[in-house]
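Dear colleague,

Please find the structure below, together with its sequence. A short account of what was found in it follows.

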Amino acid sequence: MDKTYLKTLELDKILAQAAEYATCAEARALLLEQPACENAEETRFALSQTDAINSLLLKNGSPRFGGVNGVNKIVSRAVKGGVLSMAELLEVAGALRNFQNLVSWYHISEHDLLPVDDLFYALTPQPALEKAISESILSPEEMADTASNTLFEVRRKIQATENSIRDKLDAIIKNSTTNKFLQDAVVSLRNGRFVVPVKAKYRGEVGGVIHDVSSTGATVFVEPTAVVEANARIMQLRSQEKAEIERILVAFTEQVAGIEPVFSFSYQAMLEIDVLLAKAQLALEQKAYMPQVADGVWFDLKKARHPLIDKTKVVPIDVALGREYDTLVITGPNTGGKTVTLKTAGLLCAMAQHGLLIPAHEHSTVCAFADYLVDIGDEQSIEQSLSTFSGHMKKITGILDGAFKGSLVLLDELGAGTDPAEGAALAVSIIEQLRIQGALVMATTHYSELKVFALETPGVVNASCEFDVESLRPTYKLSVGVPGKSNAFLIGEKLGLPPRVIQRAETHLASDDKRLDDVLAQLDDLKLELKESQAQAEAAREQAAHALEKAKEKCDALIRQGETELEAARVKARQMAQQVQAEAFALTDELRRLQKDDKQSAAQRAARAREIARKDAESLYGKTDVVHNAVREFVPLKEVRLGQEVVIAEYDQLATVTGLPDRNGMVEVRAGILKTKVPLAGLKAPDKLQKSGPAKPRTQPRSATVQKVERTASMEINLLGMTVEEALMEADQFIDHAVMTGLTVVYLIHGKGTGALRKAIHQHLRGHKNVKSFRLGRYGEGEDGVTVVELK
């Protein structure tokens, strides 16, 4: 693929913008040199990688990422036996830190499999080595004292020796005898040794070694004899310090060389991630999206924007090519946006092939072109003695040589710069040849012959850039299917050209051109009518959508009402089930008493049993109809406070707020003795009449309060005559059954007797998980012979 399109379509500027977001210099070079994807599958994968990083940026923010450069070469040198410097080791540590930070950033949020997973899984952090290097090396020139115990000890000795030397030199400086021989009362370093400045004329008065002389010769720098040995000791310690630092660097170098295979793999993955991060950052800045990628050679750009034009000023366009037609002839006045349309179409397709998201609607479609052949701009060259027309023809000659199926050809002002008749004929011939070779063609022109050619030729379509003749400004909107007018006469008249000049010009216009202008004028009128019809259709569509939304809301309301009715039926069924069970226990007890009644005959007992069963059946059948009041419309509460009285709208049940809304909007309320949670939207303020007037009867709600009921056979168990073990077992089973059936109070009949059974039962109830409290029966309940148990 010829790369001249990078500059002609200004893709090089887009890539340069993306490269500015790259952190590493190697990643910037990699991005700028990255070739276009060769097919649809590669393009689709490259776009999906950029889109995945874009999503991670939106969810996780930017990763902590430091710039490093040439670290791969540094590690390779370590493998070859070279000792790495402190600066080089810090670069290695920086790369290892990037590996760790990228892995941590990737796992900040949960997500499904991504097309960049392999890159992040290729990163192999070495936290121990990175930490050791960072803590041991403070800067490219300084090793930390704590890098090793030996280095710490050597530096401690150096410090102690230096302090002793300073003490001795301070004594010499402050001594009144020797002080007069010194030029200044200071201590300095010469050749790594501590010296004092002595006046040249007194050089013999201060014993020691002369290490330097001032530029004027008036001062000599003498190392006093008293510190010569100590200075020599420091030099020895300095040598040991240097050797220890060298040993530490060798040790670090060996560790770096040991991780070379995984490091190289990780480093390459880091650079690729840096490139994708740069592309994703550019997409965020451009408000770009990932388009679909067609397997064939066609594109359909919706609301496409040129990325180099200000987002607040650019007018989005819809442009397509390759499906219904293979050639688009764009006409219209100068500065109307024809060239921008060409560049936008070519640039966005080329951006996608380089893995860049495009500033267009996400439902846009691009494809992978084999080549971009572009002739945009003035090719006039004085050095080559080429006119504008000659320059264009030379470029088009190269395009004709390279165009084939899968190529996108963009031609600006085709045939311009020569005789209009010959230029138009040549332009038509060029387009025909390009179509024969299978290329997709977009061309701009002012020639009427090309407009007619597009109208008459299948597969060739006109398009026009609209122009507002009232304001004399282009709208930059593209209308496909309609040729545009140059509007030269109208623009000239608006700009003050005398009417007689306009009229004379019209007489010189060929009859064919007049007819074409009349046709274009009619098309403009039809276009306006079509826009008005489209506006009416859009209004009708919005009205239909609104009606559909209202119907859906009504349907949802009916569904909710049905669910409410169903839940009411379930509540009623549960209540009936409990009632049936209680009636069954009572019926069983009654039948047992009949069986024990010796005074009645068998026939009388059977008749009595049938009568009891009939009455109970009629009672139950009378309760089968579900009575439910539909929830009336109400104004839900927007907020509540603790202790506030509210009404559960679904059941018209008065309740008290005991807990503020949780993150799901559920409010804890108490209705009677029961606590439950209901949505905040299901609560309303109590009616004023409800607070002051008499209470209205209402149906039993799902979470209704437990009403006081008469003691029935199902609520008691007779434990008389049982042993303690038998009684406790029967009591446990009875309590468990009572809890499951919703009873809150039961009666354990154990009799008075010696009190042993009562004592054992009470002891057992104190540790029972389902027992809230218990007491002896009162008058009328059996007194000391019965224990009344309140269940949880």
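Across which strands does helix H22 lie? Helix H22 (residues 724-740) lies across E22, E23 (745-749), E24 and E25, and it runs at about 165 degrees to E23. Please bear in mind that this is a predicted model.

The sheet beneath this question deserves a description of its own. Its four strands form an open sheet in the order E22-E23-E25-E24, with mixed pairing. The edge strands are E22 (716-718) and E24 (771-776), each of which pairs on one side only. On average, neighbouring strands are turned by 20 degrees against each other, direction ignored. E24 and E25 (residues 786-791) pair in the antiparallel sense over five bridges, and Phe774 stands opposite Val789 in E25. Helix H23 (residues 756-766) also packs on the sheet, where it touches E23, E24 and E25; its direction makes about 155 degrees with that of E24.

Turning to the helices elsewhere, H5 (residues 71-79) has Val71, Ile74, Val75 and Ala78 as its buried residues. Seen down the axis of H5, these residues fall within an arc of 95 degrees, so they line one face of the helix. They pack against helix H3 (25-33), helix H6 (86-106), helix H11 (225-258) and helix H12 (260-286). Just after H5, Gly81 takes a positive phi of about 105 degrees.

H6 and H12 are also joined by aromatic side chains. The structure holds eight aromatic pairs. One of them is formed by Phe99 and Phe263, a tilted pair with 5.5 Å centre to centre and 55 degrees between the planes. This pair links distant parts of the chain, with Phe99 in H6 and Phe263 in H12, 164 residues apart. Phe99 is buried, at a relative accessible area of 0%, and Phe263 counts as buried at 2%. The rings of Phe263 and Tyr267 have their centres 5.8 Å apart and their planes at 15 degrees, so this pair is stacked. Both residues lie in H12, four residues apart, which is about one turn of the helix. Tyr267 counts as buried too, at 0% relative accessibility. Separately, ring pairs link Tyr5, Phe299, Phe369 and Tyr372 into a cluster.

Finally, some figures for the chain as a whole. The chain contains 23 helices and 25 strands. Of its 792 residues, 39% count as buried. Among contacts between residues at least 6 apart in sequence, 66% join residues at least 24 apart. The chain exposes about 44300 Å², of which carbon and sulfur atoms supply 52%.

With kind regards

Terms used. Residues numbered from 1 in each chain as written. Predicted model: local features only at pLDDT ≥ 70, side-chain atom pairs only at ≥ 80, totals over all residues. Heavy atoms only, no water. Pairing = 2+ DSSP bridges. Helix = DSSP H or I, 4+ residues; strand = E, 2+ residues; numbered from the N terminus. Axes fitted to C-alpha atoms, helices over the stretch in contact; angles between N-to-C directions. Contact = heavy atoms within 4.5 Å. Buried < 20%, exposed > 50% of the residue type's maximum accessible area, 1.4 Å probe, protein only. Arc of directions from axis to C-beta. Areas by Shrake-Rupley, 256 points an atom, 1.4 Å probe, with all protein chains shown as cover. Phe/Tyr/Trp six-rings, centres within 6.5 Å; stacked < 30°, edge-to-face > 60°.
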